[in-house]
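Biologist: I should be grateful for a close look at one loop of this protein, followed by an account of the helices and the other backbone features that you can describe. Please keep to what can be read from the coordinates.

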Amino acid sequence: MKRLQDRVAVVTGAASGIGLATARRFAEEGAFVVAVDIDTEAIEKLEREIGGDSITCDVTDEAAVEYLFEKVSMAHGSVDVAFNNAGISPPEDDSILTTGVDVWDRVQKVNLTSVYLCCKYVLPHMRRQGRGSIINTASFVAVMGAATSQISYSASKGGVLAMSRELGVQFAREGIRVNALCPGPVNTPLLRELFAADPERAQRRLVHVPMGRFAEASEIAAAVAFLASDDASFITASSFLVDGGISGAYVTPI
């Protein structure tokens, strides 16, 4: 399928995990992909693989983000899709009783402030075009609570969810759709790193997934490609859950 033929798509956090899988999926769908990350080597390799472009950018830096979207628009003529996906989940982010303010602030800055900045500076280009699709990575933890807490991560993703909903409403009549993607646990380096030192914690989470497994990044990328495409033309301000049934489960199959 070529649902994104000739569209320019910016993917942040493109060096690994969901971002990497989505950049590849967008390219398969016909998009010209601009891969964005702080890992220059990884995104330059991706650029060569998919034939797009790559820009090294710290998405917590306001001036850098503003320049990023100006550069993409000037170089490629439009910004049709923005997948604002960069994020972190450090092991120091744990219970509110043990998580320090420095860790709280770092996670909020990367996971929430960066999404705010990317939306703020891509929207003028999309308004000028009269069209665009923004997909912001939230999480299923934005709609559920967990006793195995990552307090700042959960709070940041709740912020992404609320912000995406508000932007989706505000800009709906200008041809711009804004949706929050809410993945369940995904088999990515970020998740593997988080659970490597604590297999029991991983198992406590896995048992609650009705499908009995974590998602693959390619499965999440397929959902992002749908939201980016005209197949989702009447979907905006949504919390798009791709969680293997976690949020709908009371008990899971034995």
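Modeller: His208 is located in the loop between α7 (199-206) and α8; the model is a predicted one. With a relative accessible area of 49%, His208 is classed as partly exposed, since the exposed class requires a value over 50%. Once its neighbours within four places in sequence are set aside, the contacts of His208 are Ile246 and Thr252. Its C-alpha atom is separated by 33 Å from that of Asp230, a residue 22 places away along the chain.

Pro210 belongs to the loop between α7 and α8 as well. Its relative accessible area is 28%, and Pro210 is therefore partly exposed. Leaving aside neighbours within four places in sequence, Pro210 touches Gly244, Gly245, Ile246, Ala249, Thr252 and Pro253. Ile246 and Thr252 thus serve as contacts for both His208 and Pro210. From C-alpha to C-alpha, Pro210 lies 33 Å from Ala9, and the two are 201 residues apart in sequence.

Beyond the far end of α8 (217-228), another loop leads to β7, and Ala237 is found there. Ala237 is not a glycine, yet its phi is positive, near 60°. Asp6, also not a glycine, has a positive phi of about 65°. This residue is placed in the segment before β1 (8-12) and is exposed, its relative accessible area being 65%.

I turn now to the helices. Helix α5 covers residues 151-170, a run of 20 residues, and spans 29 Å between its first and last C-alpha atoms, close to the 28 Å expected at 1.5 Å a residue. The buried residues of α5 are Ser152, Tyr153, Ser156, Lys157, Val160, Leu161, Met163, Ser164, Leu167 and Gly168. An α-helix has 3.6 residues a turn, so residues three or four places apart point the same way. The cover over the buried residues of α5 includes α4, β5 (132-137), β6 (176-183) and β7 (239-242).

The partnership of α4 with α5 can be described further. Their axes come within 8 Å of each other and cross at roughly 15°. The two helices are therefore roughly parallel, and their crossing is right-handed. On the α4 side, the contact is made by Val103, Trp104, Val107, Gln108, Asn111, Leu112, Val115, Tyr116, Cys119 and Leu123; on the α5 side, by Ile151, Ser152, Tyr153, Ala155, Ser156, Lys157, Gly159, Val160, Met163 and Leu167. By class, this contact comprises 14 nonpolar, five polar and one charged residues. Among the α5 residues that meet α4, Tyr153, Val160 and Met163 are buried.

Helix α4 (residues 101-129) also packs against α3 (residues 62-76), with axes 8 Å apart and an angle of about 25°. These two helices are therefore roughly parallel to each other. The α3–α4 crossing is right-handed. From α3, the residues involved are Glu62, Val65, Glu66, Phe69, Glu70 and Ser73, and they meet Leu117, Cys118, Lys120, Tyr121, Val122, His125 and Arg128 of α4. This contact divides into six nonpolar, two polar and five charged residues. Charged residues thus number five in the contact of α3 with α4, whereas the contact of α4 with α5 holds one.

How values were computed
Residues are numbered from 1 along each chain as its sequence is written. This is a predicted model: local features need pLDDT of at least 70, side-chain atom pairs count only at pLDDT 80 or more; totals for chains, interfaces and linings use all residues. Side-chain values use heavy atoms; hydrogens and water are left out. Axes are lines fitted to C-alpha atoms, for helices over the stretch in contact, and angles run from 0 to 180 degrees between N-to-C directions. Helices (H or I, at least four residues) and strands (E, at least two) are DSSP runs, numbered from the N terminus. Angles under 35 degrees count as roughly parallel, over 145 as roughly antiparallel, 65 to 115 as roughly perpendicular and the rest as oblique. A crossing is left-handed if the near helix is turned anticlockwise from the far one by less than a right angle, and right-handed if clockwise. Contact means heavy atoms within 4.5 Å. Ala, Val, Leu, Ile, Met, Phe, Trp, Tyr, Cys and Pro count as nonpolar, Asp, Glu, Lys and Arg as charged, and the others, Gly among them, as polar. The expected span of a helix is 1.5 Å times one less than its number of residues. Buried means under 20% relative accessible area, exposed over 50%, partly exposed in between (1.4 Å probe, protein chains only).
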